[in-house]
Structures are given as structure tokens and as C-alpha cells.
Amino acid sequence: MPRVSQDHLDARRRQILDGSRVCFARYGYEGATVRRLEEATGLSRGAIFHHFRDKESLFLALAEDDAIRMADVVAEQGLVQVMRDLLAGDGEHPADWLGTRLEVSRRLRTDPEFRARWAERSEQLTTATRLRLLRQREAGNLRDDVDVDVLTAFLELVLEGLVSHLAMGLPGAGLGPVLDLVEETVRRHRPGTA
């Protein structure tokens, strides 16, 4: 039997994640049946579950993949940029990312085992946000009268609020100035500047 290259395995894994992201966003965790996952990925259940132990492992890998992508944006441009991308529909999978994020939130409330497994993975975004804020403080761009952990929690709370807003089907148009205000609240204000 010929050996499959690592590049091929990685491409197949990416195909599964991309297809399942759409499926989970459209149908939710419970509604993303194996048949629907097969249709969304274009692969058999054997191919899917060769790469992932079960549906929960697949969902966790997908949510972790999204968290890593978000953490990369945060590291370079900040958490407010993640929110701007979400509003603008930019990025690779903005609408599907929202669906995944909502499903993570729902499962965190209702599934203690999932909550325990997710806790191990959820620190990436918080860590990226905190490190970005520390770099901004060192550069003199971040207000210094509020602890970085408080600013991190503030920005994460705004993100969760935005996700909830969009999840309720409320319009995102016109929220750019709100994000400007959020960004302005964490910046350092130098004497003599407006």
C-alpha cells in the first residue's frame, strides 16, 4: 500500500475542517449529522473519522482552528480588528466563524464535559489579547491607569456582546463607530491631544 504524504494528510484535514465549519454553522452541533458532514466535506465517514476520533473531537478541532486564526489577527492587529472583520464579513470564514462561535457558547452553557475540554483550548485568544495589550503599553499606546487583565476582560466582553448582537439577527451596519469608541477607551491619552 503506498504511503500518503503529510501534505496530503494536512490538505485532507483542512478539507474536513472547512466543510464541517459550514455544516456546524448551518445546522448546529446536534443537526450536523454524519450524513450532513459527509455531504459538506465531500468525504466518507471513514475518511472524516480517520482524522478525528468523533464528532466532538472534530468540533473542538474546528473551534480551536478558529481560535488560532483569531489569535493570529489579535497578535498582529488587536481584538478590535477581529470584531471589525466580523462586521465587514472579511476573513476566510466570517459567517461560518460566527456560527461556530455561537455553537461553542451554547455548548459551554449546557455541556460540562465540553466545557472542561474547551477550557484547555480557550486560553489562546485571551493570551494573544493580553500580550498585544502589554506590547501596546510598552510602546506607550495603551492607557496605564487600568490593569491589562481588566482591559483584556473588557475587550473579550465586547466581543461576546457583538457575537450575541449578530446572533440575534440585529444589524451590524453602523457599529464601526462603536468599535472606534471601544478602541479609544483602551488607548493612552496624552496631555494636549483631543
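**Exercise 1. Decide whether Phe 114 is buried or exposed, then find its aromatic partner.**

Let's start with Phe 114: its relative accessible area is 0%. The cut-off for buried is under 20%, so Phe 114 counts as buried. Keep in mind that you are looking at a predicted model.

Next, try Phe 59. This residue is buried too, with a relative accessibility of 0%. Its ring pairs with the ring of Phe 114: the centres are 5.8 Å apart and the planes are at 45°. Planes under 30 degrees apart would be stacked and those over 60 edge-to-face, so this pair is tilted.

Finally, where do the two partners sit? Phe 59 belongs to helix α4 and Phe 114 to helix α7, which covers residues 112-119. They are 55 residues apart, so the pair links distant parts of the chain.

**Exercise 2. How many aromatic pairs are there in the whole structure, and how are the rings of Phe 24 and Phe 59 arranged?**

Step one is the count: searching the whole structure turns up 5 aromatic pairs.

Step two is the geometry. The ring centres of Phe 24 and Phe 59 lie 5.0 Å apart, and the planes meet at 75°, so you'd call this pair edge-to-face.

Step three is the location. Phe 24 is in helix α1 (residues 6-31) and Phe 59 is in helix α4 (residues 55-77), so the pair ties together parts that are 35 residues apart in sequence. Phe 24 is buried, at 1% relative accessible area.

Now put the rings together: one aromatic cluster is made of Phe 24, Tyr 29, Phe 59, Phe 114 and Trp 118.

**Exercise 3. Which charged residues sit over the rings of Tyr 27 and Tyr 29?**

Take Tyr 27 to begin with. Over its ring you'll find the charged end of Arg 36, 3.9 Å from the ring centre.

Then do Tyr 29, a member of the aromatic cluster. Here the charged end of Lys 55 sits over the ring, 4.4 Å from its centre.

**Exercise 4. Describe the largest nonpolar core and say which helix gives the most to it.**

The core has 25 residues, and the ones touching the most other members are Leu 79, Met 83, Leu 155 and Leu 159. The helices that each supply at least two residues are α4, α5 (79-88), α8 (123-138), α9 (148-167) and α10 (176-186). The top contributor is α9, with 7 residues.

Is that everything? There is also a second, separate core, with 21 residues, including Phe 24, Tyr 29, Leu 37 and Ala 61. As background, nonpolar side chains in soluble globular proteins tend to be buried together.

**Exercise 5. Which residues of α10 are buried, and why can we say that they line one face of the helix?**

First list them: Leu 179, Val 182 and Val 186 are buried in α10.

Now look down the helix axis. The buried residues of α10 fall within an arc of 55°, so they line one face. A helix has 3.6 residues a turn, so residues three or four places apart point the same way.

Check the other side: Pro 177 and Leu 181 are exposed there. As for what covers the buried residues of α10, the cover includes α5 and α9.

You can see part of this from Val 80 in helix α5. Val 80 is buried, at 5% relative accessible area, and it touches Leu 155, Leu 179, Val 182 and Glu 183, leaving aside residues up to four places away in sequence.

**Exercise 6. What elements make up the chain, and what does the UniProt annotation cover?**

Counting elements gives 10 helices and 0 strands. Of the 194 residues, 37% count as buried. The C-alpha trace spans about 70 × 40 × 30 Å along its principal axes.

For the annotation, go to the record: an unreviewed UniProt entry has "domain: HTH tetR-type" over residues 10-70. That stretch is 87% helix and 0% strand, and its end C-alpha atoms are 20 Å apart.

For a last distance, take Val 80 and Gly 46: they are 34 residues apart along the chain, and 40 Å separates their C-alpha atoms.

Methods:
Residues numbered from 1 in each chain as written. Predicted model: local features only at pLDDT ≥ 70, side-chain atom pairs only at ≥ 80, totals over all residues. Heavy atoms only, no water. Phe/Tyr/Trp six-rings, centres within 6.5 Å; stacked < 30°, edge-to-face > 60°. Helix = DSSP H or I, 4+ residues; strand = E, 2+ residues; numbered from the N terminus. Buried < 20%, exposed > 50% of the residue type's maximum accessible area, 1.4 Å probe, protein only. Lys NZ or Arg CZ within 6 Å of the ring centre and 35° of its normal. UniProt positions renumbered as here; feature names shortened; annotations may be inferred. Core = buried A, V, L, I, M, F, W, Y, C linked by side-chain atoms within 4.5 Å. Arc of directions from axis to C-beta. Contact = heavy atoms within 4.5 Å.
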